[in-house]
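Subject: Model handover

Hello,

Here is the model for your files. My notes follow below it.

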Amino acid sequence: NAPKGSRRARPPFTVTGPNGEPLSSVRSVGDGVYEVYGGDGALLGRITRRSGRTLPWPRRVRWSVQPAQGGAPLAGEVGPRKAWAVFVLISPLYFVCWAGMAAQGSLWLLLGEKGEAKKEAAWEMEPPTWTRWRSADEPEAAIEYRTGRRYRLAAPRLDHRLACAQAVLHVWDRA
């Protein structure tokens, strides 16, 4: 469950392991900037979220992960360019369909069928969510998120505690 409020400033939280032991704790240190600490209190790294914007062209949300122990920083953009292009091209058609379904939902409300009206109004078009975090010098992604809330981690490239903190922030961002 994502906390309410700004997507750029989340409350501090702790990621726990399967036995309830604290793996990492995350604290906001600025607008879209988070520091991640291990269960022992040592700094693991910094995660940064930069917002996308609509104009002059849809810009994607960008994430960066900087490990504290060295290593190349990872950068990830939400959604591949091709998927965003399709999303932008299809969105006018979506709005036409949505308007038709809203009208049909209004008809169901006039007939007294609240359940059917809710089903008709629940149809949503979601923007692309596939995200791959990788370093500039590596073609292979260190962390990859695919639609359906599945994350894949290339184990030796990034501390799993830092990756788990990034995954929580990413899921909250989608909520």
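Valine 86 counts as partly exposed because its relative accessibility is 45% (buried is under 20% relative accessible area, exposed over 50%, partly exposed in between, with a 1.4 Å probe and protein chains only). This is a predicted model, where local features need pLDDT of at least 70 and side-chain atom pairs count only at pLDDT 80 or more, while totals for chains, interfaces and linings use all residues. Residues are numbered from 1 along each chain as its sequence is written, and side-chain values use heavy atoms, with hydrogens and water left out.

Surface patch

Valine 86 sits in helix α1, residues 81–110 (helices are DSSP runs of H or I with at least four residues, strands are runs of E with at least two, and both are numbered from the N terminus). Val86 joins Leu89, Ile90 and Leu93 in a nonpolar surface patch. Together they have about 400 Å² of accessible area (Shrake-Rupley method, 1.4 Å probe, with only the protein chains shown as cover for residues). Patch members have over 30% relative accessible area and no salt bridge; like charges are joined within 9 Å, and nonpolar side chains (Val, Leu, Ile, Met, Phe, Trp, Tyr) within 5 Å. A salt bridge is a side-chain nitrogen of Lys or Arg within 4 Å of a carboxyl oxygen of Asp or Glu.

Six-stranded sheet

One open sheet runs β1-β2-β3-β4-β5-β6, with antiparallel pairing (two strands pair if DSSP finds at least two bridges between them). β1 (13–16) and β6 (74–77) are the edges; each has a single partner strand, so one side of each lacks a neighbour in the sheet. Neighbouring strands here are turned by 20° on average, direction ignored (axes are lines fitted to C-alpha atoms, for helices over the stretch in contact, and angles run from 0 to 180 degrees between N-to-C directions). Strands β3 (33–38) and β4 (43–50) are antiparallel, with five bridges. Valine 33 has threonine 48 of β4 as its bridge partner.

Three-stranded sheet

Another open sheet has the order β7-β8-β9, also antiparallel. β7 (131–133) and β9 (150–153) are its edge strands, each paired on one side only. The average turn between neighbours in this sheet is 10°, direction ignored. β7 pairs with β8 (143–146) over three bridges.

Threonine 131 lies in β7. Its bridge partner in β8 is tyrosine 145. Threonine 131 is buried, because its relative accessible area is 0%. Its side chain makes a polar contact of 3.2 Å with that of histidine 170 (a pair of N or O atoms within 3.5 Å; within protein, one must be able to donate a hydrogen and the other to accept it, and residues adjacent in sequence count only if both atoms are side-chain atoms).

Best wishes
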